[in-house]
Amino acid sequence: MTRGSGSLRLISGVGKKGPACFLVEAAGRRLVLDLGQGPPPGALPAVGGIGRVDALILSHGHRDHVGGLSLLPKLGNPPVYATEIVARGLPEGIAVRPLPVGGTADVLGIAVATGRNGHAPGGIWLHFAIGEGLLYTGDYSAESMLYAYDPPAKPAATALIDCSYADYRKPLAECWHDLARFVERGPLLLPVPANGRGPEIALELMRHGVDDIFVDEAMRNALRRLCDSDGISLRAGASGDIKRLAALVKPIDGARGVMLAASADGASGATARLLPEFENLSDVTILFTGYVNPTTLAERLTKSGRAQVLRWNVHPLLSDTVALVRTTRAKTAIPAFCDRAKLPALAAALKPARVTMDAVVEI
């Protein structure tokens, strides 16, 4: 196990919602953790001053964590480490070195432990044997009804934690009760990420007796993969239900039932066509269930009142963050993906751990 001091530079993703990008320097190595794009759409991390790095390590395959791969030449075209599931979704020509979905690996002489993040197929958290331990959660959810979460157990004096919801407390079970009211009204369009909460919401619809579930091709493909190659990311006992769901869903054909389609912000995919088509149909409810990306069609529709927003939890509650800090015995916690204004509330909840958003943190 590699030990020794190091540093963590917060390039992007701390202090406000933005693309994930962090630099770890330890044991003579320079590692970048995630390289995202947006929000807002097109925003990229400022990597000009980083210089050459030894490796890029990806936590999962969502755009705000992997959408900045066009910047690799600015980092010296380092090798990319990711799970096999995430690697399959990367652009052609990206050579990937494998990471386990759950287990241990060696990254250029640094011992790394991983576990499933409960957020997306192939998604993992990463524990680095640096100093007294460095944990990077990427995005994670302890509540998912579909994706398995393996709680980190190794001590980590420094923890870079997904705090997208900051001090939010409402559990996922209550999200379903809120969603059920919209399902009862008639045609409902849910713009969703196909490789995230989309399949989970569809699964809950089926489990609650809804059989008029219509999906786009991206969702259908995601369900097929969960029945097969992506099944390792499922919670125990979910496999049979996912196979039933994959057989139950039908292609979207007009405004009827519950329709789930990508992308989540209407900027691409089927929703780029469906949202303008349904915008003027008053009997169709349009409901966003995640972060509304600035400057997108989703933002325009919600600001005008034509669409509504109801959060479906895919990130940790405050109680989950507190539990993680206590379990790992973190001395320093860095809240990622939330606004700096939330720092005092998080500092109070996580004490005696030091909670910081400083640009450089010693490990």
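Gly 305 sits just after helix H8 and takes a positive phi of about 90 degrees. The model is predicted, so local features need pLDDT of at least 70, side-chain atom pairs count only at pLDDT 80 or more, and totals for chains, interfaces and linings use all residues. Residues are numbered from 1 along each chain as its sequence is written, and side-chain values use heavy atoms, without hydrogens and water.

**Helix H8**

H8 covers residues 297-304, and its buried residues are Leu 297, Ala 298 and Leu 301. Buried means under 20% relative accessible area, with a 1.4 Å probe and protein chains only. These residues cover an arc of only 100 degrees around the axis, which puts them on the same side of H8. The arc is that of the directions from the helix axis to the C-beta atoms. The elements that the buried residues of H8 pack against are tabled here.

| Element | Residues |
|---|---|
| Helix H7 | 271-278 |
| Strand S16 | 285-288 |
| Strand S17 | 307-309 |

Helices (H or I, at least four residues) and strands (E, at least two) are DSSP runs, numbered from the N terminus.

**The whole protein**

The protein has ten helices and 20 strands. Its radius of gyration is 20 Å, close to the 21 Å that the globule rule gives for 363 residues, so the protein is as compact as a globular protein of that length. That radius is taken over C-alpha atoms, and the rule is 2.2 Å times the number of residues to the power 0.38. The C-alpha trace spans about 60 × 45 × 40 Å along its principal axes. Of the 363 residues, 56% are buried.

Terms used: Buried means under 20% relative accessible area, exposed over 50%, partly exposed in between (1.4 Å probe, protein chains only). Contact means heavy atoms within 4.5 Å.
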